[in-house]
Amino acid sequence: MNSIYRLTRSLAIVIFCLAILLPTLSLPFEKNYDIHHIKLNLNFDLKEKAVIGKETITLIPLQDNFSTFKLHAGNLTISAVKLFNQKHAEYKIDSSYLSITLPQLFNSYDTININIDYQTNPNRGIYFKTFARKDKHKT
């Protein structure tokens with residue numbers, strides 16, 4: 001039973017990641033950075049049908065004097081955006097994008113780690129199903 005749970009959770013994480021990353025293939029804004037790595041730490045609240053995530057994005061600016069950028073963030077409630085050194089970054093959500101303003105300027109040779117804490121009740125990509133248990137001993 002434990003292996004089925006792990007397999008289901010792994011599959012849910014893969015589907016959730018695809019649902020988040022696929023919309024970024026056609027961005028309606030100028031992408032001024034290159035993402036090198038995304039680390040996700042996801043927890044699932046089955047009762048609330050919610051995903052609680054801590055995401056670390058490693059990116060490199062494509063230009064000098066880099067201080068602002070956007071990410072796709074549809075249907076996310078953001079609770080914190082921080083740099084690797086725990087400095088808070090200013091952010092706002094407009095329509096379905098997260099706009100981040102960094103507390104300092106970075107250049108094209110810098111590597112930036114951004115930590116984003118969020119919660120979402122997904123309406124696509126991952127679904128929470130409840131199954132009725134059948135009692136084998138009931139007559």
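**Exercise 1.** Are Tyr33 and Phe69 buried or exposed, and what geometry does their aromatic pair have?

*Solution.* The model at hand is a predicted one. Beginning with accessibility, both Tyr33 and Phe69 are buried. Turning to the rings, a pair of this kind is described by the distance of the centres and the angle of the planes. For Tyr33 and Phe69 the centre-to-centre distance is 5.3 Å and the planes stand at 65 degrees; because an angle over 60 degrees counts as edge-to-face, the pair formed by Tyr33 and Phe69 is edge-to-face. Finally, Tyr33 belongs to strand 1 (residues 33–45) and Phe69 to strand 3 (residues 66–72), so their pair ties together parts that lie 36 residues apart in sequence.

**Exercise 2.** Determine which aromatic cluster includes Phe66.

*Solution.* Phe66 pairs with Phe69 at 5.6 Å centre to centre, with 20 degrees between the planes, and this pair is stacked. Phe66 is buried, as is Phe69. The count of aromatic pairs comes to 2, and Tyr33, Phe66 and Phe69 form one aromatic cluster.

**Exercise 3.** Work out how the open sheet is ordered and which strands stand at its edges.

*Solution.* The open sheet is formed by 4 strands in the order 1-2-7-4, with antiparallel pairing. Strand 1 and strand 4 (77–83) stand at the edges and have a single partner strand each, so one side of each is left without a neighbour in the sheet. Direction ignored, neighbouring strands of this sheet are turned by 15 degrees against each other on average. Within the sheet, strand 2 (residues 50–61) and strand 7 (residues 112–120) run antiparallel and are joined by 9 bridges; Glu55 has Ile116 of strand 7 as its bridge partner.

Notes. Residues are numbered from 1 along each chain as its sequence is written. This is a predicted model: local features need pLDDT of at least 70, side-chain atom pairs count only at pLDDT 80 or more; totals for chains, interfaces and linings use all residues. Side-chain values use heavy atoms; hydrogens and water are left out. Rings of Phe, Tyr and Trp (its six-membered ring) pair if their centres lie within 6.5 Å; planes under 30 degrees apart count as stacked, over 60 as edge-to-face and the rest as tilted. Helices (H or I, at least four residues) and strands (E, at least two) are DSSP runs, numbered from the N terminus. Buried means under 20% relative accessible area, exposed over 50%, partly exposed in between (1.4 Å probe, protein chains only). Two strands pair if DSSP finds at least two bridges between them. Axes are lines fitted to C-alpha atoms, for helices over the stretch in contact, and angles run from 0 to 180 degrees between N-to-C directions.
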